[in-house]
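The exercises below are meant to be worked through with the sequence and the coordinates open side by side. Try each task before reading its solution.

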Amino acid sequence: MKIKVFVTPKRNVLDPQGVAVGHALESLGLGGLKGARVGKVVELEIEGKDSPELRAQLDRLCRDLLSNPVIEDYQYEIAGT
Amino acid sequence: MKGAAIKIAVLQFPGSNCDQDAFHLFSTGLGLPTRYVWHKETRLGEADLVVIPGGFSYGDYLRCGAIARFSPVMGAARDYAERGGVVLGICNGFQILCEAGLLPGALIRNSSLEFRCLTCDLAVSDAGPAFNTRTLGTRIRLPIGHGEGNYRIDEAGRERLETNRQILLRYTDNPNGSLGAIAGVRNEEGNVFGMMPHPDRAFERFHPSMDGLKVARAILSLRFPEVSRKSA
């Protein structure tokens, strides 16, 4: 089973990296850009099956370690179960 | 200096690089018995102040301080802080304390995206009995050196900081985009302190300032009132 965790800066938190990347994209000719946010992806490979228990554990680990809830949001996708 | 019984513990993580600076601030600068505590230790031993130094603990992987937070020694530091022990986090130490939830807020990439390394003018706030303009004066100068010192907190949290007088220092010329130019905060209880500027790089005559001694004394004076700035 493969799990992809997406961690992104919260909407209301300044994202200096996103701003800089947005400027670079505009300078390369991208028109109409309304926003750019830079986050990260954590890919996990786990033996076992999707279950409510697994999701509860993932939520806890995302809150405690993989994201910082003060500044970031997370979501994840589970594939191959 | 008087009060030689005051014992200092400096935590060390893989990637700490200001551990020796912090050690010398308290040992050479203030003449206090100081020792290191390795990140794998589950006990701090006898300590009147625990210092979490600057650096790049665990390579700053994931987020600054995110991994250090779960180290065995941070478990001990958390217990120590919850029992009222005094903790000072400098730079990466501040980031670790925020990640651990021992201090409010978080530190993100500098708004300039640059690593900023310079000596800053800082306005001292009245942040309780130890850390205030009486113990420190209204302005101090301390070096900074960081890429992620941009302090962030939500509006409700910021109001709490102001109401409870938890802000320690503000940059007079904001180098990193911090909300409210905040350079350091304490917890609500008043025993955990964190700041991006480096008192540990400001205590020798050849340093750009010697105000690090004032900061160290102010924090020690919380539990040891005899450690005033007069005993400089």
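## Exercise 1: burial and dimensions of chain A

Task: Determine what percentage of the residues of chain A count as buried, and then set its radius of gyration beside the value for a compact globule.

Solution. Step one is to count burial in this predicted model: a residue is taken as buried if 20 or more other C-beta atoms lie within 10 Å of its own, and by that criterion 14% of the 81 residues of chain A are buried. Step two turns to the radius of gyration, where a compact globule of 81 residues would be near 12 Å, but chain A has 16 Å. Step three adds the principal axes, along which the C-alpha trace of chain A spans about 45 × 25 × 15 Å.

## Exercise 2: secondary structure and contacts of chain A

Task: Work out in which pattern the helices and strands of chain A follow one another along the sequence.

Solution. Begin with the inventory, which is 2 helices and 3 strands for chain A. Reading these elements along the sequence then gives the pattern β-α-β-α-β. Finally, consider contacts between residues at least 6 apart in sequence: in chain A, 70% of them join residues at least 24 apart.

## Exercise 3: compactness of chain B

Task: Decide how the radius of gyration of chain B stands to the globule rule for 232 residues.

Solution. Chain B contains 6 helices and 11 strands. Its radius of gyration is 16 Å, whereas the globule rule gives 17 Å for 232 residues, and because these values are close, chain B is as compact as a globular protein of that length. The C-alpha trace of chain B spans about 40 × 40 × 35 Å along its principal axes, and buried residues account for 55% of the chain. Of the contacts in chain B between residues at least 6 apart in sequence, 74% join residues at least 24 apart.

## Exercise 4: the largest nonpolar core

Task: Identify which residues have the most contacts inside the largest nonpolar core, and trace the neighbours of Val50(B).

Solution. The largest nonpolar core holds 79 residues, and Leu11(B), Val50(B) and Ile219(B) are those with the most contacts inside it. Its largest share, 6 residues, is supplied by helix 2 (residues 72-82) of chain B. Leaving aside residues up to four places away in sequence, Val50(B) touches Ala9(B), Leu11(B), Leu44(B), Ala77(B), Tyr80(B), Gly85(B) and Val87(B).

## Exercise 5: confidence

Task: Find the mean pLDDT of chain B and the ipTM of the complex.

Solution. For chain B the mean pLDDT is 95, with 96% of its residues reaching 70 or more. For the complex, the predictor gives an ipTM of 0.85 and a pTM of 0.93.

Note on methods. Residues are numbered from 1 along each chain as its sequence is written. Chains are lettered from A and ligands numbered from 1 in the order in which they are written. This is a predicted model: local features need pLDDT of at least 70, side-chain atom pairs count only at pLDDT 80 or more; totals for chains, interfaces and linings use all residues. Helices (H or I, at least four residues) and strands (E, at least two) are DSSP runs, numbered from the N terminus. The radius of gyration is taken over C-alpha atoms; the globule rule is 2.2 Å times the number of residues to the power 0.38. A residue is buried if 20 or more other C-beta atoms lie within 10 Å of its own, exposed if 12 or fewer, and partly exposed in between; C-beta atoms are placed from the backbone. Two residues are in contact if their C-beta atoms, placed from the backbone, lie within 7 Å. A nonpolar core is a set of buried Ala, Val, Leu, Ile, Met, Phe, Trp, Tyr and Cys residues joined through C-beta atoms within 7 Å. pLDDT is the predictor's confidence in each residue, from 0 to 100.
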